[in-house]
Amino acid sequence: MDGDSPLPADSKLYAALVDALPDPILVVAGSIRDDLTGRRFILANAAARELLRLKAQEGNLLSAVRDPEVLGAVDRALFDCADADGVYETTGAQSRSLRVRARSLGPGGDGVPLALLTFHDETEVRLVERTRVDFLANASHELRTPLASLSGFIETLRGHARDDPAAREKFLGIMQAQADRMARLIADLTSLSRIELDEHVPPRGVVDLALVVGEVVEAAAPLGAQRGVKLDWRPCAACEASVRGERDQIVQVVQNLLDNAIKYSPDGAVVRIEMQTGLTELAAAASHEGAPRLSLVAPDPSPQIYASLRFVDLGPGIARQNLPRLSERFYRVDGQKSGARFGTGLGLAIVKHIINRHRGGLVVSSVEGEGSTFTAYFPMAADPQGVVKAS
Ligand code: ADP
């Protein structure tokens with residue numbers, strides 16, 4: 001034993017300890033500042049050997065790292081005894097970003113200066129940061145557009161339209177629509193952040209799915225009627241569809257998927273809403289022969305019995321390459337951005353987070369020019385004996 005340390009002074013144990021550290025570590029030696037090729041690493045733990053694809057514990061530093069930022073940090077630690085940080089980016093299909101820290105270890109036994117080089121993977125942190133910055137940029141852009149339009153019309157109403165009642169009426173109508181658009185956006189943003197906050201808390205209620213759909217369909221009927229879109233909802237009388245969930249959030253899922261089906265339907269078309277219960281897997285048939293299918297939310301791997309809701313429309317459909325991006329915030333398929341169909345681009349992101357929280361699933365299948373089908377799955381609630389009722 002060494003002094004008061006409970007660990008034995010066993011070099012094998014220390015080597016195993018360094019090897020077991022999850023972050024890559026190199027110890028570098030170098031005696032002459034101008035002799036770059038003379039820098040050697042004299043210890044590389046397992047994580048460092050994997051990261052830098054090293055075959056040995058020792059070798060020439062330049063054969064392991066060529067990044068000038070990292071080499072500069074090593075030199076500052078070796079010759080100026082100063083702490084230095086840098087960033088090391090790996091190349092390849094899955095590039096990673098690592099924070100590098102170089103610290104002086106002072107001279108080794110032979111008097112040669114030593115430095116410790118540690119790498120810490122910050123790829124995920126940077127991704128989260130990037131997503132947050134993009135989200136803020138998108139949200140402010142989406143708010144700025146209607147705001148600019150409102151400011152423009154206020155100026156016009158104060159100027160040449162001041163004494164023109166017809167123009168005033170028309171501009172006020174447009175301003176109202178822009179204000180509504182901002183209100184919708186703010187409501188969706190607030191809703192999304194609240195849902196994300198609760199996403200890891202499983203919902204505790206039990207919801208009658210058929211009842212919820214019935215209410216939402218009834219409320220959406222006037223929206224469909226404006227464009228002659230008929231809503232075809234036929235709940236099966238014998239279907240018991242109690243699902244585990246929070247009622248308000250399930251209403252939001254049904255509302256968003258139904259709104260989209262109506263919004264993207266041609267005038268006079270029919271939107272079908274179908275319910276199935278007692279499903280053991282996410283196996284709803286595609287609405288169109290050979291239609292590409294994609295799971296936007298994969299359900300919990302543990303065995304479940306599901307109830308599903310299918311929203312089938314005869315709208316423009318969605319090209320296969322656009323399917324994976326549908327539930328990204330603010331994503332809209334090109335060419336579907338404007339006009340009376342305007343939405344916030346947040347609807348499917350909200351649906352995705354709610355279904356995630358409910359440990360359900362979401363599948364989209366679509367054929368361009370023929371229509372789309374969105375299917376939401378919710379785990380069914382067990383009855384008091386723990387038996388799930390199937391249809
Ligand atoms: P939005 O508020 O723009 O409808 P969503 O998040 O609900 O936002 O949908 C994202 C995009 O997915 C839409 O802008 C649209 O391009 C496409 N989309 C969603 N539902 C349908 C549908 N039923 N038919 C065709 N395209 C759809």
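What volume does the second largest pocket have? Here are my notes, written with a newcomer in mind; keep in mind that this is a predicted model.

1. **The pocket.** To take that question straight away: the second largest pocket comes out at a volume of about 520 Å³. Its lining is made of 20 residues, and if you want to find the centre on screen, look for Glu50, Leu51, Leu52, Arg53 and Thr90, which are the closest to it.

2. **What the pocket wall is built from.** Two helices and two strands are worth colouring here: α2 (46–51), α3 (61–64), β4 (84–89) and β6 (113–121) each bring at least two residues to the lining of the second largest pocket. By character, that lining splits into 9 nonpolar, 5 polar and 6 charged residues.

3. **How the chain is divided.** The domain assignment has domain 1 at 11–121, domain 2 at 122–197 and domain 3 at 201–391. Between the C-alpha centres of domain 1 and domain 2 there are 50 Å. On the domain 1 side 8 residues take part in the contact, and on the domain 2 side 4 residues do.

4. **The largest nonpolar core.** This one holds 55 residues, and the members touching the most others are Leu209, Leu231, Leu257, Leu258, Ile273 and Leu326. The top contributor is helix α8 (residues 247–263), which puts in 8 residues. Both domain 2 (122–197) and domain 3 (201–391) supply at least three residues to this core. As a general point, nonpolar side chains in soluble globular proteins tend to be buried together.

5. **Leu326 and its surroundings.** Pick Leu326 and skip the neighbours within four places in sequence: what remains in contact with Leu326 is Leu296, Ile318, Tyr331, Val333, Leu348, Val364 and Phe374. Another core lies apart from the largest one; it has 26 residues, including Ala48, Leu61, Ala64 and Val74.

6. **A glycine to look at.** Gly343 sits in the loop that runs between β12 (306–313) and α9 (347–357). Is Gly343 buried or exposed? Gly343 counts as buried because its relative accessible area is 12%, and the cut-off for buried is under 20%. Setting aside the neighbours within four places in sequence, Gly343 has Lys263 and Arg332 in contact.

7. **A distance to try yourself.** Draw a line from Gly343 to Leu36: C-alpha to C-alpha, the two are 59 Å apart in space, with their positions 307 residues apart in sequence.

Conventions. Residues numbered from 1 in each chain as written. Predicted model: local features only at pLDDT ≥ 70, side-chain atom pairs only at ≥ 80, totals over all residues. Heavy atoms only, no water. Core = buried A, V, L, I, M, F, W, Y, C linked by side-chain atoms within 4.5 Å. Buried < 20%, exposed > 50% of the residue type's maximum accessible area, 1.4 Å probe, protein only. Helix = DSSP H or I, 4+ residues; strand = E, 2+ residues; numbered from the N terminus. Domains from an automatic or database assignment. Contact = heavy atoms within 4.5 Å. 1 Å grid on protein atoms, 1.4 Å probe; cavity = no way out; pocket = protein on both sides within 12 Å on 5 of 7 lines; lining within 4 Å. Points joined across faces, edges and corners; volume = space filled by probe spheres on them. Nonpolar A, V, L, I, M, F, W, Y, C, P; charged D, E, K, R; others polar.
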